[in-house]
Amino acid sequence: MGRNAAHWNLHSLRSFVAVCEVRSFTAAALVRGASQPGISQHIRHMEEGLGTKLFIRESGGISPTPYATALYPEVVDLLRLLDRSADEMGLFRSGVGGKVNIGMLPALARAVGGPALLEFSRANPNASVRIIESLTRLPQMIRSGDIDCAIVSRVLDERDDPAGLVIEDLFHAPECLISGGAGGEGVSVASLPSSVKLAWVHRNGRRYDDVRDCLRLNGVEVVAEIEVSSAQACLSLVTGSGWSLVMNCIGLNVQGDARSIQVAPLTKPELAQPISLVTMPGTALGEAGREFVNTVCRLIEHQLNEWRRRFNTMN
């Protein structure tokens, strides 16, 4: 485009394109919402920079010179590229900024962590989120500053050492007996076999006793047990064998997991685990942290509502 092209501005380029298309300085001024002298000045500056004429005045109007005719498609492509880049860069002006390190239990991270990251990143491209999974070390990681907060889906017990932390209950998710079999809507515990082999992701005293009592009251005998410290491994065990698993429904993906497992909410009495936000006292989450927690909560609520709908239609 010439050695002085860098001195042109976007107004000059857009004026040049308008004049090429309408073949009139006056009409180009109307298209651009500018004055006719302003359009003429833009074209004159371009001609001075290029050292050549761009338009020839004729009795019927003006015509582009061969140089202008060759230059026109290049300028159009350049303006389109700049407009597209401006639109894409404009995305980075939206949302909140900052960084957040958030802890989650593996089952919760598996079910909602990925979707939450995608939704949050699209709305907040200037923010950075890191999810750290752990079964037992989240409280210690909050105290050490390795993570800003944690979202957990079970009652913290003595092994978690929650003393001195702020625990805010967000939701209560039904505990469910998960078994292999055709998926679909929820099923009742009464419709399942009267004996189960039970796999545990994490077995602690209070929850362990509550689950076994509920199963016994519903006529289900636990004939074998195993503890596997991995939600993914437990689910694989359940879908590929005769073992069952007890976990809250938020740790399950409604669209994916429901196709290959049976999910029976534990009722009579109803068992539910709190979904809680754990933070250090006196430490406020930044904008990115608050917004990401809100994103996770929206997805958890959606999961809960869908599972409750399925439970309402169970056999």
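Which residue does the side chain of Ser179 join in a polar contact of 3.0 Å? The partner is Ser244, again through its side chain; a polar contact is a pair of N or O atoms within 3.5 Å, where within protein one atom must be able to donate a hydrogen and the other to accept it, and residues adjacent in sequence count only if both atoms are side-chain atoms. The model is predicted, so that local features need pLDDT of at least 70 and side-chain atom pairs count only at pLDDT 80 or more, while totals for chains, interfaces and linings use all residues. Residues are numbered from 1 along each chain as its sequence is written, and side-chain values use heavy atoms, with hydrogens and water left out.

Ser179 belongs to strand S6, which comprises residues 166–180. Helices (H or I, at least four residues) and strands (E, at least two) are DSSP runs, numbered from the N terminus. Because its relative accessibility is 10%, Ser179 counts as buried. Buried means under 20% relative accessible area, exposed means over 50%, and partly exposed lies in between, with a 1.4 Å probe and protein chains only. Leaving aside neighbours within four places in sequence, Ser179 is in contact with Leu192, Val238, Ser244, Ile261 and Gln262, contact being defined as heavy atoms within 4.5 Å.

The description now turns to the N-terminal helices. Ser12 lies in helix H1 and is buried, with a relative accessible area of 4%. Its C-alpha atom is separated by 7.9 Å from that of His45, although the two residues are 33 residues apart along the chain. When residues up to four places away in sequence are not counted, Ser12 touches His42 and Met46.

The loop between H1 and H2 contains Arg23. Most residues other than glycine have a negative phi. Arg23 has a positive phi of about 60° although it is not a glycine, and its relative accessible area of 41% makes it partly exposed. At the start of H2, a side-chain oxygen of Ser24 reaches to within 3.3 Å of the backbone nitrogen of Thr26.

Helix H2 itself covers residues 25–32, and its buried residues are Phe25, Ala28 and Ala29. These residues lie on the same side of H2 because they cover an arc of only 105° around the axis; the arc is that of the directions from the helix axis to the C-beta atoms. The face turned away from this buried side carries the exposed residues Leu30 and Val31. The packing partners of the buried residues of H2 are helix H1 (10–22), helix H3 (36–50), strand S1 (55–58) and strand S2 (61–64). Just after H2, Gly33 takes a positive phi of about 65°.

Helix H5 spans residues 106–123, and its 18 residues should extend over 26 Å at 1.5 Å a residue; the end C-alpha atoms are 25 Å apart, which agrees. The expected span is 1.5 Å times one less than the number of residues. A kink of about 45° lies at Val112 in H5, shortly before the proline Pro115; the bend at a residue is the angle between axes fitted to the seven residues ending there and the seven starting there. The buried residues of H5 include Pro106, Leu108, Val112 and Phe120. Against the buried residues of H5 pack strand S3 (98–104), strand S4 (127–133), strand S5 (149–152), helix H8 (231–239), strand S9 (243–248) and H9.

Charged pairs complete the account. The structure holds 8 salt bridges, each a side-chain nitrogen of Lys or Arg within 4 Å of a carboxyl oxygen of Asp or Glu. One of them joins the side chains of Glu47 and Lys53 at 3.9 Å, N to O. Glu47 counts as buried at 14% relative accessibility, whereas Lys53 is exposed, with a relative accessible area of 52%.

In helix H9 (residues 287–312), Glu306 and Arg309 are separated by about one helical turn because they are 3 residues apart. These two residues form a salt bridge whose closest N and O atoms are 2.8 Å apart. Glu306 also meets Arg310 in a salt bridge of 3.1 Å, N to O, and this pair, 4 residues apart in H9, is likewise separated by about one helical turn. Glu306, Arg309 and Arg310 are thus linked in a network of salt bridges. Glu306 counts as buried at 17% relative accessibility and Arg310 counts as buried at 11%, while Arg309, at 39%, counts as partly exposed.
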